[in-house]
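Please read the following report with the sequence and the model side by side. It moves from charged pairs to the interior and then to the surface.

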Amino acid sequence: MATPNVSIAHWTDRVPNRQWPKEDTELDTIGAALPPVIAESRPLSEVHRLDLSLFAIFEEAALRVSGALTRHAPTNEAMYFAAQQTLDEGRHHEIFFNRLADSCKAIDIDRPAINDAIKTPPLKRFLEHCDEIVDRGSFVEALVLMNLVFEGMAYPLYAYEQRYWKPVDPYLSKLIRSAFVDETRHVNVGIYIANLHAPKSGSGRAGLIRLCHDASLLMNEVFEYYVKKFVKLFDSVSKLHKDLFADAEFVPGRLIAETPYKDQISTIHESIDKQHARILARAGLK
Ligand SMILES: [Fe+2]
Ligand SMILES: [Fe+2]
């Protein structure tokens, strides 16, 4: 991998100065008004709010861990990267939380609330584990858990979510796309920083590989539940609103309506596994 420039100056130029204004222009073209069909259809509204709750929970976890990583960063380069990731995650949390607020307001819920019921016990265990590692002060272990395992397994899902929401809430679809671009950067630069700071041999190396392996198993359990739950929910709302989802693609060139529920689940898991294996191989942690 080419050495990435992780200076704040480079990130400011590339992301806040160029990437965000371009995305804001695209979002303005679509318009932030919530499509009326979401409030008119109770099942659609519920899936919308539940999915946005999960986005907000994931982004909050990433925000809190990457913020804590700035305290333990062993070099300026690692500290600058953790700092810019913290701001990216803060922005992600805000955009998804604001969209959740729009969705709640449309059905007369004035004070938006994240539906905590969607936070499953395996997800709670994973996040508590991240907190413990950060509190202990191990920069590289916490970075591996957050950027390579948590984000590395979650970010392929953003591409599916972007396509699922495109015909219903194109504004949300664009927000997901925008976060996906950042997450891709967090994973790739995370691999580079982890490679620099991971112990190269001995018990430290073996311990990091074990930590990564165990965390990946736990995240598999997390995604086992969420993939099944959300594919099922999307499957039922797409059947309820056939016209709306008529052109919705599961993967480019393949319609949701023509893809059986079980195929959707297995394809999503395959893409998570493939991507995750590639990430761990690049980080030498397999
Ligand atoms: Fe994020
Ligand atoms: Fe991220």
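In this predicted model, the side chains of Arg42 and Glu46 meet in a salt bridge, with a distance of 3.2 Å from N to O; the term stands for a side-chain nitrogen of Lys or Arg within 4 Å of a carboxyl oxygen of Asp or Glu. Because the two residues are 4 residues apart in helix α3, Arg42 and Glu46 are separated by about one helical turn. Helices (H or I, at least four residues) and strands (E, at least two) are DSSP runs, numbered from the N terminus. Arg42 is exposed at a relative accessible area of 64%, whereas Glu46, at 39%, counts as partly exposed; buried means under 20% relative accessible area, exposed over 50%, and partly exposed in between, with a 1.4 Å probe and protein chains only.

Residues are numbered from 1 along each chain as its sequence is written, while chains are lettered from A and ligands numbered from 1 in the order in which they are written. Local features need pLDDT of at least 70, side-chain atom pairs count only at pLDDT 80 or more, and totals for chains, interfaces and linings use all residues, while side-chain values use heavy atoms, with hydrogens and water left out.

By the salt-bridge rule, the count comes to 14, and three of these pairs are set out below.

| Pair | N to O distance | Relative accessibility |
|---|---|---|
| Arg42 and Glu46 | 3.2 Å | 64% and 39% |
| Arg125 and Glu221 | 3.6 Å | 42% and 40% |
| Arg136 and Glu141 | 2.5 Å | 58% and 17% |

What does the pair of Arg125 and Glu221 tie together? Arg125 lies in helix α5 and Glu221 in helix α8, so this salt bridge links parts that are 96 residues apart in sequence. In the pair of Arg136 and Glu141, Arg136 is exposed, but Glu141 counts as buried. Salt bridges that share partners also join Glu23, Asp88, Arg91, Asp182 and Arg185 into one network.

The interior comes next. A nonpolar core is a set of buried Ala, Val, Leu, Ile, Met, Phe, Trp, Tyr and Cys residues joined through side-chain atoms within 4.5 Å. The largest such core has 91 residues, of which Phe96, Leu123, Phe126, Phe150, Phe223 and Ile268 touch the most other members. Among the elements that give two or more residues to this core are α3 (42-72), α4 (76-105), α6 (139-165) and the strand β1 (249-251). The largest share, 19 residues, comes from α6. Leu148 lies in this helix, α6, and counts as buried at 0% relative accessibility. Leu148 and Ser266 are 118 residues apart in sequence and 22 Å apart in space, C-alpha to C-alpha.

On the surface, patches are made of residues with over 30% relative accessible area and no salt bridge, like charges being joined within 9 Å and nonpolar side chains (Val, Leu, Ile, Met, Phe, Trp, Tyr) within 5 Å. Glu128, Asp131, Glu132 and Asp135 form a negative patch, where Asp and Glu count as negative, Lys and Arg as positive, and His and the chain ends are not counted. The place of a charge is taken as NZ of Lys, CZ of Arg, CG of Asp or CD of Glu. Asp135 is found in helix α5 (residues 121-136) and is exposed, with a relative accessible area of 61%. A nonpolar surface patch is formed by Ile8, Met79 and Tyr80, with about 230 Å² of accessible area together, as given by the Shrake-Rupley method with a 1.4 Å probe, where for residues only the protein chains shown count as cover. Tyr80 is found in helix α4 and is partly exposed at 34%.
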